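Hi,

Here is the structure I promised to send over. Have a look at it first, and my notes follow underneath.

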Amino acid sequence: MPYVFVTSQLPLETGPTIVGDSTSDSHLMQALGARHDYSNNQLVYIVENRPREVLDKLELYGYRMLSMSVVANTVLVWCLYKEAASLPSTVTAGAFSPQ
């Protein structure tokens with residue numbers, strides 16, 4: 001899956017940070033140290049890291065930021081993308097291991 005959404009509430013100096021939903025690549029979520037949780041009655045992956053730390057990790061895995069948005073002056077959302085050519089072939093089979 002080449003797209004990842006990262007979401008956090010202000011202030012940005014602390015976590016938690018939402019890094020995926022119920023259909024996110026479980027191997028990538030494991031690499032980020034994410035755990036399952038519920039937010040607004042939706043199953044999500046969440047980490048206790050600051051958003052900056054999560055974005056730094058995703059960059060190490062080859063993801064690049066496409067956009068960032070602020071919702072209602074309290075929630076920030078980043079959209080990241082990884083080129084399909086740089087995805088390991090195992091991602092399409094559902095197994096992710098960073099390079």
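A good place to start is the pairing of two strands: Ser69 stands opposite Val77 in β6. Strand β5 (residues 64–71) and β6 run antiparallel and are joined by seven bridges; strands count as paired if DSSP finds at least two bridges between them. Strands here (E, at least two residues) and helices (H or I, at least four) are DSSP runs, numbered from the N terminus.

Before going further, the ground rules. This is a predicted model, in which local features need pLDDT of at least 70 and side-chain atom pairs count only at pLDDT 80 or more, while totals for chains, interfaces and linings use all residues. Residues are numbered from 1 along each chain as its sequence is written, and side-chain values use heavy atoms, with hydrogens and water left out.

Back to the hairpin that β5 and β6 form, with three residues between them. Ala72 sits in the loop between β5 and β6, and its phi is near 55°, a positive value in a residue other than glycine. Asn73, found in the loop between β5 and β6, also has a positive phi of about 55° although it is not a glycine. Ala72 counts as exposed at 63% relative accessibility, and Asn73 is exposed with a relative accessible area of 65%. For these labels, buried means under 20% relative accessible area, exposed over 50%, and partly exposed in between (1.4 Å probe, protein chains only).

On β5 itself, you may like Leu66. At 52% relative accessibility, Leu66 counts as exposed. Leaving aside neighbours within four places in sequence, Leu66 is in contact (heavy atoms within 4.5 Å) with Tyr3, Cys79, Leu80 and Tyr81. Leu66 and Leu80 are 14 residues apart in sequence, with their C-alpha atoms 5.3 Å apart in space.

The other partner of interest for β6 is β1: the two run antiparallel, and seven bridges join them. Val6 stands opposite Trp78 in β6. Ser8 also lies in β1 and is buried, with a relative accessible area of 3%. Not counting residues up to four places away in sequence, Ser8 touches Pro16, Thr17, Pro51, Thr74, Val75, Leu76 and Trp78.

What does a search of the whole structure for aromatic pairs find? There is one such pair. Tyr3 and Tyr81 form it, tilted, at 4.7 Å centre to centre and 55° between the planes. Rings of Phe, Tyr and Trp (its six-membered ring) pair if their centres lie within 6.5 Å; planes under 30 degrees apart count as stacked, over 60 as edge-to-face and the rest as tilted. The pair links Tyr3 in strand β1 to Tyr81 in strand β6, 78 residues apart. Tyr3 counts as partly exposed, at 47% relative accessibility.

As for the interior, the largest nonpolar core (buried Ala, Val, Leu, Ile, Met, Phe, Trp, Tyr and Cys residues joined through side-chain atoms within 4.5 Å) has 17 residues, and Val6, Val19, Leu28 and Leu58 have the most contacts inside it. At least two residues of this core come from each of β1 (3–9), α1 (26–32), β4 (42–47), α2 (51–60) and β6 (75–81).

Finally, the whole chain. Two helices and six strands make up its secondary structure, following the pattern β-β-α-β-β-α-β-β along the sequence. Of its 99 residues, 31% count as buried.

Best wishes
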